[in-house]
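Visitor: I would like a close look at one single part of this model, with the terms explained as we go. Please show me how that part sits among its surroundings.

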Amino acid sequence: MAQISKDMIIADIINTDTALASILMSSGMHCIGCPSSQAETLEEASMVHGIDINVLTEKLNEFLALKAQ
């Protein structure tokens, strides 16, 4: 099962599972389609948007864990 970490690039997270984009967007990261955001780490993008990185990482990994069941 894939795991998401705070040092992963946004583009790599979306490539892991495109459904993760909706979790990022619903968490307040509405610019995931922007070319510059594709090169940011999850931690960098979270800081810019004022999102708790630990909560977001947990949501993303919970989704992947449920999908793997």
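Guide: What follows is an account of helix α4, its ends, its two sides and the parts around it.

This is a predicted model, in which local features need pLDDT of at least 70 and side-chain atom pairs count only at pLDDT 80 or more, while totals for chains, interfaces and linings use all residues. Residues are numbered from 1 along each chain as its sequence is written, and side-chain values use heavy atoms, with hydrogens and water left out.

First, the setting. The chain has four helices and zero strands, where helices (H or I, at least four residues) and strands (E, at least two) are DSSP runs numbered from the N terminus. In sequence order the pattern is α-α-α-α. The radius of gyration is 11 Å, close to the 11 Å that the globule rule gives for 69 residues, so the chain is as compact as a globular protein of that length. The radius is taken over C-alpha atoms, and the rule is 2.2 Å times the number of residues to the power 0.38. Along the principal axes, the C-alpha atoms fill a box of roughly 35 × 20 × 20 Å.

Now the helix. Helix α4 covers residues 53-68, which is 16 residues. At 1.5 Å a residue it should span 22 Å, and its end C-alpha atoms are 23 Å apart, which agrees. The expected span is 1.5 Å times one less than the number of residues. At the N-terminal end, Asp-52 acts as a cap: one of its side-chain oxygens lies 2.9 Å from the backbone nitrogen of Asn-54.

Which residues of α4 are buried? They are Ile-53, Leu-56, Thr-57, Leu-60, Asn-61 and Leu-64. Buried means under 20% relative accessible area, exposed means over 50%, and partly exposed lies in between (1.4 Å probe, protein chains only). Seen down the axis of α4, the buried residues fall within an arc of 125°, so they line one face of the helix. The arc is that of the directions from the helix axis to the C-beta atoms. An α-helix has 3.6 residues a turn, so residues three or four places apart point the same way. The face turned away from the buried side of α4 carries the exposed residues Asn-54 and Leu-66. Lys-67 also lies in α4, and it is exposed, with a relative accessible area of 51%. The C-alpha atoms of Lys-67 and Ala-19 are 10 Å apart in space, although 48 residues separate the two in sequence.

What do the buried residues of α4 pack against? They pack against α1 (10-16), α2 (20-26) and α3 (42-49). For α3, what covers its own buried residues includes α1, α2 and α4. Those buried residues of α3 are Leu-42, Ala-45 and Ser-46. They cover an arc of only 100° around the axis, which puts them on the same side of α3. Met-47 and Val-48 are exposed on the other side of α3. After α3 comes Gly-50, whose phi is positive, near 70°.

Three serines show how other parts of the chain stand in relation to α4. Ser-46, in helix α3, has 1% relative accessibility and therefore counts as buried. Leaving aside neighbours within four places in sequence, Ser-46 is in contact (heavy atoms within 4.5 Å) with Met-29, Ile-51, Ile-53 and Leu-56. Ser-27 is in the loop between α2 and α3, and at 19% relative accessibility it counts as buried. With the neighbours within four places again left aside, Ser-27 is in contact with Ile-51, Leu-56 and Lys-59. Ser-5 lies in the segment before α1 and is partly exposed, with a relative accessible area of 28%. Beyond its neighbours within four places in sequence, Ser-5 is in contact with Leu-42 and Thr-57.

Ser-36 gives another reference point. Its place is in the loop between α2 and α3, and it counts as exposed at 53% relative accessibility. Ser-36 and Leu-64 are 28 residues apart in sequence, and their C-alpha atoms are 25 Å apart in space.

Key: A polar contact is a pair of N or O atoms within 3.5 Å; within protein, one must be able to donate a hydrogen and the other to accept it, and residues adjacent in sequence count only if both atoms are side-chain atoms.
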